Amino acid sequence: MDLKHLVVDALSQNKKAALLVAGAGVAVLGLGLGYKYLRKPEKVVRVGVVSQLLIHPLKSGKAVSVALAECQQIGLKFGELQDRHWLVVTEDGHMVTGRQQPRLVLVSLTCEGVHVCLNGPNMEELRFPVRQPDNAVINCRVFGADIQGRDCGDEASRWLTRYLGEEGSFRLVHFEHQMRARRPTESEPQFAQFEVAYPDVAPVMLLSESSVKDLSSKLETGVTVERFRPNIVISDCEAFSEDSWEEVQIGSVRLQRVMSCGRCIFTTVDPETGVITRKEPLETLKSYRLCDLSEKHIYKSSPLFGQLHKVKKTGILQVGDIVYKISR
């Protein structure tokens, strides 16, 4: 083949390649424009206001009320305090909660600088370092799932054992960021996947003041939001309107609903006295807050009160933030 034919052939091939590239570019552009114009735009509606932010550093312990919190994928954080990052366990590593030990609700775990402060009725305050890297890492069981925790030391163990007054002994463990978190909905493919430390199910629980007020109106003795251990309390909305918020925007944070919060015997523990009645408000909740028959396989006979969320976008939450419902 002479030089002239080689040049013509090369130009021909390059023209075909150019046409293919141009065609692919047009296709990609078309898909992009199609997605942009076919996707339904977000509808943003104001639905309430954040009235309280509550962090429960110790699972089943007292809540710490804060005006501002960092919302991480794994839950709320304020300084060294992270939601449900400390856990009481038996000597063999099984979790202990207010269901078995109601007086745990009176235990306060806070942090001052780099020290943890444990307080409880008729107990001297105990202080120990937040980080104790030389202590053993314990394998724990939380709702049948394996998870680790850094042992908080013998002094914390003796404090808890004295306070709870049991024949056996208890230990306190701390979940650290490098440890492998739990995926509580792993066996439930219908739910979004996320990770938690020691919460029952999800990293964030949201409840409205009006829902609590509605329940209290049906009881002889009213209850407060603290009994239900939410992270975000919402005001300025109708009772149970939070049930319909599939996605919410609060400040820079975006939350996605996972499921309703099925309630158990723990709701019958008075957060002010640590006394368990095993009756109210659970019985009243069961009279009007049971799930639909189609969801019985998920919630069984547990009444629904509050909503569990995963964190879609992290950021800062503040009391007074407007809550927006996002829909498409």
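In strand β10, the bridge partner of H115 is P129. H115 belongs to strand β9 (residues 115-119), which runs antiparallel to β10 and is joined to it by four bridges. Strands here are DSSP runs of E with at least two residues, helices are runs of H or I with at least four, and both are numbered from the N terminus; two strands pair if DSSP finds at least two bridges between them.

Before we go on, please note that this is a predicted model, where local features need pLDDT of at least 70, side-chain atom pairs count only at pLDDT 80 or more, and totals for chains, interfaces and linings use all residues. Residues are numbered from 1 along each chain as its sequence is written, and side-chain values use heavy atoms, leaving out hydrogens and water.

Let's return to our strands. They belong to an open sheet of three strands, in the order β8-β9-β10, with antiparallel pairing. At its edges are β8 (108-112) and β10 (126-129), each pairing on one side only.

Now look at strand β16 (residues 247-250). E247 and Q249 point one way, V248 and I250 point the other way, and all are buried, meaning under 20% relative accessible area (exposed is over 50%, partly exposed in between; 1.4 Å probe, protein chains only). β16 pairs with strand β17 (residues 253-262) in the antiparallel sense over four bridges, and there R254 is the bridge partner of Q249. The two strands form a hairpin with two residues between them, and G251 in the turn has a positive phi of about 60 degrees. β16 also runs antiparallel to strand β20 (residues 322-327), joined by three bridges; in β20, V323 is the bridge partner of I250.
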